[in-house]
Amino acid sequence: MRMKKVLVCGAGGFIGGHLVKKLKSEGAWVRAVDIKNHEYAVSGADEFIIGDLTEQQVVREVLDMPFDEVYQLAADMGGAGYIFTGENDANVMHNSATINLNVLQQVVHTRSKKIFYSSSACIYPAYNQVDPQNPKCSEGSAYPADPDSDYGWEKLFSERLYLAFSRNHGINVKIARFHNIFGPEGTWDGGKEKAPAALCRKVAYADDNSMIEVWGDGKQTRSFLYIDECLEGMERLMNADFSGPVNIGSEEMVTLNELAEAIIRISGKNISIKNIPVPHTGVRGRNSDNKLIQEKLGWAPSAPLEAGLEKTFAWINGEVEKQKKILKNQMAMIMEK
Ligand code: NAD
């Protein structure tokens, strides 16, 4: 049987890195592309190209043949500390939209068969996410549009771009709206990390009988999906006779303080929470609505949050221990001089 040829854009990132691993384990031939190497793992891709997908020439070189599947995961993104300050809005919109425009044009040119696009829960209107206990994120509620960030507006624009290319050029597109995907081998420090990774890091660094800071009043709600179920949802969508957009997320909604408490419990430490005011924490409430995915794919994520947190905390704790060791060695060398 002919090997499936797959292109993964954004393969140096969290979800892309895990996707390459899965595709390789299933026997596909994989070309990966990213502006940087993966920070936490050696990629198993058959080819890993370092290139900037905002450059048309790079996209032409990377997408130079008909692929069976293209996954477009590359985006200028980050957690609340990156998306909501306003300082990165122009970059986020320009870079991500340019990548999507370039990739789609080349998919048409090469007659590649299927393209997956990772949209986000951030497209949902802010006015439906005011009550933390009762947010509305069903796929049909996306319009009238009012995302709470320019990151969300770009995702919504690009969803429409993919659908327009599908209508006018007959491309088989698959669009998922991811809701807070987390797991090992993702950004956990530096400002682009998201809540689960940031809280795991804080707890890992914290001493027993100490305190960690949680942004906002801690009553804002979210749901978090472990990477393995995200990949399963992607695969099912790719193989279904359905384009989306569809939510890929968990329906296990928790407050941010509950998320922190779960991580503290896993660490076995005695740590208290201090809620600190920050200018932007995003909408008050958000949760995946899984009616459509259940109806169209006959499946929805179901693994408990705590199981994923255990694996994620173990990995981040290991990274923190490595950092502490490096720091200790550096200090020892300074003292010797
Ligand atoms: P990530 O930041 O780890 O991965 C994105 C990758 O894109 C990075 O490795 C980055 O270097 C690469 N990239 C950015 N600009 C590029 C460029 N110009 N050329 C080439 N590569 C470039 O993020 P992730 O968590 O793996 O997310 C993957 C996709 O899923 C993104 O499109 C993101 O918006 C979307 N998404 C993720 C989540 C989540 O919770 N992780 C939620 C909603 C949507």
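This passage describes the domain arrangement of a predicted model, the interface between its two domains, and the surroundings of its ligand.

The chain is divided into two domains, each assembled from separate stretches of sequence: domain 1 comprises residues 5-183 together with 224-248, whereas domain 2 comprises 195-221, 252-287 and 303-336. When the centres are taken over C-alpha atoms, domain 1 and domain 2 are separated by 27 Å. To the contact between them, domain 1 contributes 22 residues and domain 2 contributes 25 residues.

The area buried between domain 1 and domain 2 amounts to about 1900 Å², and carbon and sulfur atoms account for 66% of this area. On the side of domain 1, the greatest losses of area to domain 2 fall on Pro132, Phe182 and Phe224, which together provide 31% of what that side buries. The composition of the side of domain 1 that touches domain 2 can also be given by residue class, with 13 nonpolar residues, six polar residues and three charged residues. Across the interface of domain 1 and domain 2, zero salt bridges are found by the rule applied, while six residue pairs are found in polar contact, both members of each pair having a pLDDT of 80 or more.

Attention now turns to the ligand. The ligand is surrounded by 26 residues, of which Ile15, Asp34, Asp52, Tyr151 and Ile181 come nearest. Several backbone atoms of the protein lie at short range from oxygen atoms of the ligand: for Phe14, a polar backbone atom is placed 2.8 Å from a ligand oxygen, and for Ile15, which is also listed among the nearest residues, a backbone N or O atom is likewise found at 2.8 Å from an oxygen atom of the ligand. A further approach of this kind involves Ala75, whose backbone N or O atom lies 3.4 Å from an oxygen atom of the ligand. Considered alone, the ligand exposes 810 Å², and 91% of that area is buried by the protein.

Methods. Residues numbered from 1 in each chain as written. Predicted model: local features only at pLDDT ≥ 70, side-chain atom pairs only at ≥ 80, totals over all residues. Heavy atoms only, no water. Domains from an automatic or database assignment. Contact = heavy atoms within 4.5 Å. Buried area = accessible area lost by both parts, 1.4 Å probe. Salt bridge = Lys/Arg side-chain N within 4 Å of Asp/Glu carboxyl O. Polar contact = N/O pair within 3.5 Å; in protein donor to acceptor, adjacent residues only side chain to side chain. Nonpolar A, V, L, I, M, F, W, Y, C, P; charged D, E, K, R; others polar. Near = heavy atom within 4 Å. Areas by Shrake-Rupley, 256 points an atom, 1.4 Å probe, with all protein chains shown as cover.
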